[in-house]
Amino acid sequence: MPPKADQQHDDPEYFQSVDAWMNTTEFSDLMKNEFPDDAAEWLDPVSRRQFLTVMGASVALAGAIGCNPSLKPASAKKVVPYVRQPDQMLPGVPLFFATAFAQQGGIASGLIVKQTEGRPIKAEGNPNHPSSLGGADAAALASILSLYDPDRAKQIKFNGTASGYDKFITSIKDELEKQKGKEGEGVRFLTEPSTSPTFAGLVGEFAKRFPKAKWLQYEPVNRDNSAKAHQAAFGKPVNAIVNFAKAKVVLALDSDFLTSGPSAVRSARDFMHNRKVRDGKAALKAGDGVALDAMNRLYSVESMLTNSGAVADHRLPLKPSQVLDFAKALAAKLGIVGVPAVTPKLPDLAEKWLVPLADDLNAHKGSAVVVVGDAQPAEVHLLALAINEKLGAFKSVLTFIEPVESKPADHFADLKNLTEDLKAGKVDLLFVLGGNPVYDAPVDLDFGKVLMSSKAVKVRFATHEDETAIDGQCQWFVNAAHYLETWGDVRGHDGTASIQQPLIAPLSGGRSFLELFSTLLDLGTSDPLDVVQAQWHKHFDEKVKTGDFTAWWEKCLRDGVIPGTAAAETTVATVKLDALNDASFQTPAIQADGLQLQFLPDPMLFDGRYANNGWLQETPKPITKLTWDNAAIVSPGTAARLGIVNAFGFTGGENGRTVADMVSLTVNGRTLDKVAVFILPGHADDAITLHLGHGRTRGGKVAVAQGYGTGFAAYKLRATMGLWIAGNVEVGKPTEKYFLACTQGQYAMESRRPVRHATVEEFRKDKEFAQVPAQSAAEYKELRALTPGTPEDFERLGLKHPHAKGHDSHGHDHAAGEEHHAGHDKRIIPLSLYPENPSKVNGKDASTAYRRWALVVDLGACTGCSVCVTACVSENNIPVVGKDTVTRGRAMHWIRVDRYFSMPNDEPMSDDMGSAKVQGAKRSEMVKKSDRIRTHFQPVLCQQCEKAPCEVVCPVGATVHSADGLNDMAYNRCVGTRYCSNNCPYKVRRFNFIQYADYATDSLKLVNNPEVSVRTRGVMEKCTYCVQRIRNAEMETEREFDKRKAAGKIDQFGRPKIMDGEIVTACQAACPANAISFGDLNDHDSAVLRAKAEDHNYGLLAELNVMPRTSYLAAIRNPNPAMPKGGA
Amino acid sequence: MATMTPSTNLGTKLYEADTKFPPHPEGLVEGNHNLATLGDKIADVSIQITPTPKAWWLFFLVGLTLAQGLVAGVGYLFYLGTGVWGINQPVAWGLAIVNFVWWIGIGHAGTLISAILLLMHQKWRTSLNRFAEAMTIFAVMCAGLFPILHMGRPWLAYWLYPVPVNFAAWPQFRSPLCWDVFAVTTYFTVSAVFWYVGLIPDFAVLRDIARNKLQRGIYGMLAMGWRGSAIHWRRYEKLYLLLAGLGTPLVFSVHTIVSFDFAVSIVPLWHATIFPPFFVAGAIFAGFAMVIWLAVPLRQFYGMSDFITNKHMDFCAKVMLGTGLLVSYGYFCEVWMAWYSHSQIEWDTTMQRIWTGPYWWAYWVLILTNTIIPQFLWIDRIRKNMMALFLIAFSVHIGMWFERYVIIITLSRDNLPSSWGRYAPTEWDYLLFLGTIGMFITLFSLFVRFVPMLSITEMREFLPKAQGGRDGHAVMENAK
C-alpha cells in the first residue's frame, strides 16, 4: 500500500498568509502603509504596470513578513524577570520562565518554560508549585505544541468572513448598550470553570453594571458529584485535599487519583514516594524512599483498569454501578449508621474483601483514606466522606479548604439552564468563552441545534474554529490567545495562585478573556498585564502590605507562585448522611444486570480539548497503549461472550496494529453506529469503558476523526440521564474491522521477567530476588557484580557489598541442596574474554576516573502515566508520525512504557500467564480472570550499554561510545543500515523510514529544541540521556571552575564537580512520581549510585552481558495477607 | 585449429554425430562430436547462425518487463525512502536482505564449479562452468543492489569503503556489514575476471568466424589480440589456474561473511556458530538448483543436451541432494542447540519459529521445500527426468528464499515481548524482488545470445584424444 499517513501535512501554513488570502482591510492597510507609492496601483484593476510589478510584489510580500508583529520578540516591553538570571542575554542561551497552565476545573499546575531566542520550547513542572512539585502531566508538556499549532484560528470573523477586533468591540458594545435598560438580563457568559482571581474580578465588575447578566460554567468532565456530596454532607461547598504523603492505607473507589484529576501530579508524587522501597541507610537518610515496613497500601475497586488500579496492591474489578453497593456494604461493615442496605448481593469476591479491608482500614485510623472517582455518583462520595470521618481521616490525611474555583458551579445544571433560556429566547447576547459545548454537551440537550436556532448575538472565543464556532451558530468568532501568549492568573489545587506570563507575543493576534472584559468595561486599559497587575496590587495592599510592590511582583513571577494565597483550611461539621435517602440527591438507578457503559475522560486528550495536539494523540494511552483512537474497552470474558475479537486474539499481540471488531452501541435509544472494541485484561466483566475526547468533527487537521483515526464520538451517547454510567447497553453484532494503532499488543512477559516484582514478604525473605536472570546461565546471581560502586561505597551507603573481600560470607543464601561455593568465580566477572581494563588513571581503573552517567527507574514508583514519553518528544524534537505509521510499527518515541499483565501464583516469582506452557486456549481462559490480573509498567529507554551491541555492528561508526559511557548517535554519520536496531536487545532504536520531521510547516519549526538535531529520513535515532543537557552542565561547570573550587565542589581528580541533581533528563524532570534517578556513578554522593546499590536493582536483560547503564529497581508490592486470593 | 566454414543455411546436418567416432567414455559428451562440430554448435549461437528460438524472446521480454519494475521500484524507493517497504520496528531488515542473501547464495555455484571442481579434477564441470559463472556474476549483481537500496541514505553507500576523504568518514571494521562489502566486492571482481579470462580464447574463435565487421570488431576487441600461440596458451593456463586458486577460498568466504551478518549479532537464533558452514552449504545447494534451472532451457531450446548431458544433470542433482542434507542438518542443529543451551529465549524463539509464532507456516514451507522434496533425488529415475529435476530445483529456490525469510522474521520475536511485532512485505518489496529476477533473466538472455554459453576451448580439450581433444585434461594439467 502506498504510505498514506506517512505523508506530511497537506499544505504549509504561513501565519502571514491568511490575511493576504482573506484580503482583509487590515492587510490592504498594511500594504498601503508599507508601500504608499503603489497604493493606487494596488487597487487598480489589472494594468500593464501592475503586471510588471507582480515580480516586485513577491518581494514586497517577503518584506512584509518582517513587519509582522507576531515575529517581534516577546520582550518588546520588560515583561518578565528571569528564573535563572544570566549574566547577560546571550543568543543560544535559553531563558526559563515560571508560568502556570490551567486544566480541569481551571486548576493550574505550575510550569517552568524554557525559551530560546524568544520561542517557548519546553515546559517542565515548577518545583515551587504545590500542584506540581516539579512533576508535570502530559497535557501541560504538550501545551507547547498547541502554541504553534498551525490549525489555530488566526482571524476574527463575523459570519464566516474576516473582520477586525475593533469592529467586534463596537458591535458588542452596541449590544451591551441595549442591555443597559434590562440590567443585562439577556447576557450570558458560558465559560469553563475558572480559578482566575482577575477574571473573577472582571466578571464581578461586569455584574455590578449588569446585575442580571449570568456567568455560567460548563466542563463535561467536572467534579459535580463530589461537590454535591460536600454540599450535602457539610452544607457548604468545600474542596477536599488528600495528603497522600501521610496516607498508609488508601481505598480508591473507581478513582484514578494518580493520573487523572487536577491534583494528580501532586498525588502521584506523595503517594508513590511511600512505595519506593530502600534498604541503604544513605538512601533512607537522603529521602530516596522509605523502609520496607513504611510502605503504604492501595486497594482499588474499579471497572476500567486505570493506572491507580494497575499499581494497587489489591484490585477488585466491579461493574460501575456496583461500586456504590460496595461503598454501602463497606460503610455498614465499618459501623456507619444510616446507610441504606445493599439490595443486590455483591459478587462473592467483593463480599470476601469487606472484612479484611475494613480491618485494615480500622487498623490504620488516622492514616487511612477512601478516595472516589469523579464518575461515581454523589452517593459514593458522600459515603466515602462518612467512612473517612469514621476512619479519622479528617484533619490528618484529608483536609477541606474553601473552594478554589472563583464560582463553584453545577456544570450540567448551568448548561441546562442556558439551553432552556436559549430556547425560550431569553438570551440576547451570549459569549461562549473557551470550552466546546456543541461537541461535548450531553446529547439530549441538543445544544448545537439550540444554539443555531437562537436569535441572540453569539460570540465564540476560542483558539480553534471548532464545533461550537461554526458560522451561523455563533456570528462572531474571536481567536483566543494561548496561555503562553498573554497575561493571566490561575490557582492550583490548594488555592495557591500563580501569574501566567507570556513568553511570546500572540502569534496571530489572539486575544485573552481579560482583554475582552477590560475593553468592554472601559477600564482604561485593555492590556492584560495592567489588569492582572492591578488585581494583585490590590492583593498586595490588602494582604502583604510590607515592602515594595514591584519587588514582590517580580519575586512572585520568578517563583511562579504567590506566597500566602493557598486557600484557608475550613472546618467542617459532622458528615450528614440524610441526603442518601433524598431522591433529588440520588443518581437515577442504573440497571444492575446487563452491560453497563462508563464514560471516562481520555487519559491523553482529556475531554477532547487536546485533540488537535499530535504529541498527545501519539503518546500511547497508559493502559491500552492505543494511539490516535479511543475504543469501547471490554474485558476478555465479555468480549468472548459478545463474540468480539481483536485480530491476533487476546492471547498474543503485535507491535503497532490491532485489528478490532467494530460494533454499534445503543444506550437508551441512542446509537453510535461504529465503535471499535478493544479487549483489555483486567477490565470488569459486563462493562464497557468509553473514553471521551475523541471523534471530533472540527477543530484542526489532527483532531478530526477521518474514519481511520482519532476515534469515536463518545459524547453522542452521553445524555443527562447517564452522564457517567449508563445501564442497559446493547452491543450490535461485529460488522466491520478497524485498525487500532496499539503500540503494544503483546501483554504477557513470557516468563522472561523483564519486570521483576515481589511482595513485601518475598522481598524480606530474599533481598536479591531480582538478581535471578530469566535465562539460566553460569552467571546466576553473579551479574550482581556488575553493580557499580566500590566496597567502600557500599559500606558508606549502609549496604552489604555483594562481592566484598572474603567471599565466605557473600551476600546471598543458598537454597537447600545447593553447593556452597567459595567465592564467586572471577573468570566470569565481568563475563569477558578480555583482561580487566588495562588503562589506569592514578592507579585506578580508568572507567572510574571520568564521569559515568547512569539512570535508574524505580518500577515500584512508576505509575505508567507516560508523561515521560511526552516530555521526551518535546525535548528531543521527536516527530509525530500519524496513525498509519504507528500501525506499521514505526512509532518514533525514544522512551516507551511497556505494559505487561501477569497472573501471579503461589510460588514466588512465577507467573501463570507468562509461562511458555500456558499458551493458546489455556491462556485465553486464564486472561478472563479479571480479578487476578496484575499490571506492570516498565519505561524502556536506551539502556546505554557499556558493551553496546549496536556499536560493533554499525559499518560506518555512526553509533559510538563516549568517554563518559554514553552510547552516542552521530546522525550525520548514519547511512541507515538499521543493523544497530536489529542487534539492540531492547529495541529502543527508532528509524526515520521516510522523512518524518516536518520541514514544511513554518510554525512547527518554532517548537524545535535548537540543541537537538532534527533528523532527516534514513537516519537512526534513540535516547541520548538528554546529552545536550549533560554537555550544557559540563560547560557551565567549567565556566564556574573558580567558583566551584572555592565552594569545595571538586571531584577526586581536582576537576570542578557537577553536583548530583544538576543534570536532570527530560523524562526524569517530568516524572510525577519521581521514579527516575539520573547521575554520575563515579560521584559517591549521587542518588543514582544509592539506587544502583540497592539489592533489588537489576539490569534488564543483563544476562546478555551488554552491561546496561540503565537499570531498574524491582517493584515491591504490599498486599494484605488477610485478603482473599484473587485480588492479590 | 580448423573450423568449418559457417553455413548460412542452418545446417543441422553439420552438427550431427559423426558415427565414425566412438562415444565419450564417461558419457559427458553425447552425439559423437568432433572438434569442429562442437565448436560450431556453440559458436554459431553467438554469431547468430543458429536461429534465435522463440522461447528466447519470451524469456528476454519477460525479463525486460520485470526489469522495468526494478526501475520503478528503485525510483519510488529513492523518492520516499525505505518506508515504502514493510520494514518496521522490530523487523528492521526485510525482503531486501532476504533477497540479497538469496541472490548471493545463487551466485555461489558458478565459482564453485569453475574453481573448486577445476582444482579437484572434476571433468564434468567443463560443460557447466561458463554459464554457471555468468549466472554467478549476474546473481551477485542482483544481490549487490540490495545492500545499497536497503540503506536509509543510499547516496552515502561509498562510506562503507575505506575511501580517504577529508571529512574522515571511515568504515568501522568490526561490523560484519563492513566485511560484507569487502567479501562481495572481492567475490564479484574475482568471479568476473575469472569468467572473462576463460572467455578470451572463445572470443578469439568468434572473431575468427565472425560474419560481419561489427561482430569481428567487438569480439576482436574482447579477444584482446589472442592468437593462440603457445606462449598465449601457457600464460592463459597459468592465469586461469591462479584465479581458480584465488576463487576457491572466496567461495567459502563470501557466504561465511554474509552469514556473519546474522551470527555476529546477539539476536536470538541468529547468534549461532552453525551459520557459516550452514550458509555455505545452503549457497551451493541454491546455486546448483539454479544451474539446473538454467541448463534445462539451454538443453531444450538450444539443443545443448549433447554437452549438458543427463550425466551432468545427474551430478548436479547429487550435489544438490548432498548439500541439501547438510542444510537440513543445519536446521536440526539450530533446534538442537536452542534446546541444549537451556537458554529460555533461544528455545522460546525456536518454538515461535516452528510452532507457536505467526510465521510457523514459513518454517514448514522451508522444511518441505528444502528438506523433504529434495529427498526424491535419491531416486535414479527422478534425477534423469528433466521435468522432475526442474520442479525440485524450483522447490529449492522457494526453500532457500524461505530460509532467509525465516531468519529475518526471527526479528519479530526477540528478547522483550513488549517489542514483538510482525512484518509483511509491501508491493514495493515484491516489485524489487521481481525486478531483480527480471534483471537476471535479461542479462542471462543476452549472455546466451551473444557470448559462448559453454566454453569452446575447454569443451574441445575435453573431447577424447581420438576426436582431437585432450581427453578431458583441463587447462591446469599443462600449467606447469
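# A guided tour of chains A and B

Start by selecting R1109(A) and W853(A): a polar atom of the R1109(A) side chain lies 3.1 Å from the backbone oxygen of W853(A). Keep in mind as you look around that this is a predicted model.

**Stop 1: around R1109(A)**

Stay with R1109(A) and add E946(A) to your selection. The two side chains make a polar contact at 2.6 Å. To find your bearings along the chain, look for the loop between β39 (1097-1098) and β40 (1110-1113) of chain A, where R1109(A) sits. Is R1109(A) buried or exposed? With a relative accessible area of 5%, R1109(A) is buried.

**Stop 2: all of chain A**

Now zoom out and colour chain A by secondary structure. You will be looking at 34 helices and 41 strands. Chain A has 1128 residues, and 62% of them count as buried. Take the contacts in chain A between residues at least 6 apart in sequence: 75% of these join residues at least 24 apart.

**Stop 3: helix α8 of chain A**

Select residues 224-234 of chain A, which form helix α8. Its buried residues include D224(A), H230(A) and F234(A). What do the buried residues of α8(A) pack against? Show β8 (239-242), α14 (378-390), β13 (398-401) and α15 (411-423) of chain A, and you have the answer. Then step just past the end of α8(A) to G235(A), which takes a positive phi of about 75°.

**Stop 4: two salt bridges in chain A**

Here is a helpful idea for this stop. Side chains of opposite charge can pair when their charged atoms come close. Over all chains, a search of the whole structure finds 68 salt bridges.

Pick K182(A) and D428(A) for one of them; their side chains meet at 2.4 Å, N to O. K182(A) is in the loop between α6 (165-180) and β6 (187-191), while D428(A) is in the loop between α15 and β14 (429-433), so this pair ties together parts of chain A that are 246 residues apart in sequence. Both ends are partly exposed: K182(A) has a relative accessible area of 37%, and D428(A) has 23%.

Next, select R275(A) and D313(A), whose side chains meet in a salt bridge at 2.7 Å, N to O. This pair links distant parts of the chain, 38 residues apart. Look for R275(A) in the loop between α9 (264-273) and α10 (281-285), and for D313(A) in the loop between α11 (307-311) and β11 (314-317). Are these two residues buried or exposed? Both R275(A) and D313(A) are buried.

**Stop 5: where the chains meet**

Show both chains and turn to the interface. How many residues of chain B are in contact with chain A? There are 60 of them, and they touch 64 residues of chain A. The area buried between the chains is about 5100 Å², with carbon and sulfur atoms giving 50% of it. On the chain B side, highlight Q89(B), R153(B) and L416(B): they lose the most area to chain A, together 15% of what that side buries.

The interface holds 2 salt bridges. To see a salt bridge between the chains, select R752(A) and D348(B), which meet at 3.4 Å, N to O. There are also 41 residue pairs in polar contact across the interface. Among the elements of chain B that give two or more residues to this side are α6 (176-209) and α8 (230-263). The largest share, 5 residues, comes from α2(B). Sorted by class, the chain B side has 32 nonpolar, 20 polar and 8 charged residues.

**Stop 6: W56(B)**

Follow helix α2 of chain B to W56(B). W56(B) counts as buried, at 6% relative accessibility. Measure from its C-alpha to that of V448(B): they are 9.0 Å apart in space, yet 392 residues apart in sequence. Residues that W56(B) touches include Y302(B), S445(B) and R449(B).

**Stop 7: a network and a buried helix**

Select R383(B) and D314(B), whose side chains meet in a salt bridge at 2.4 Å, N to O. R383(B) is in α13 (380-384) and D314(B) in α10 (310-340), 69 residues apart. Both R383(B) and D314(B) are buried. Add K318(B), D380(B) and K384(B), and you have one network joined by salt bridges that share partners.

Finish at α14(B), residues 386-409. N385(B) caps its N-terminal end, with a side-chain oxygen 2.9 Å from the backbone nitrogen of M387(B). Why is α14(B) described as largely enclosed by the rest of the structure? Because 19 of its 24 residues are buried.

How values were computed. Residues numbered from 1 in each chain as written. Chains lettered and ligands numbered in written order. Predicted model: local features only at pLDDT ≥ 70, side-chain atom pairs only at ≥ 80, totals over all residues. Heavy atoms only, no water. Contact = heavy atoms within 4.5 Å. Buried area = accessible area lost by both parts, 1.4 Å probe. Salt bridge = Lys/Arg side-chain N within 4 Å of Asp/Glu carboxyl O. Polar contact = N/O pair within 3.5 Å; in protein donor to acceptor, adjacent residues only side chain to side chain. Helix = DSSP H or I, 4+ residues; strand = E, 2+ residues; numbered from the N terminus. Nonpolar A, V, L, I, M, F, W, Y, C, P; charged D, E, K, R; others polar. Expected span 1.5 Å × (residues − 1). Buried < 20%, exposed > 50% of the residue type's maximum accessible area, 1.4 Å probe, protein only. Lists of a residue's contacts leave out its neighbours within four places in sequence.
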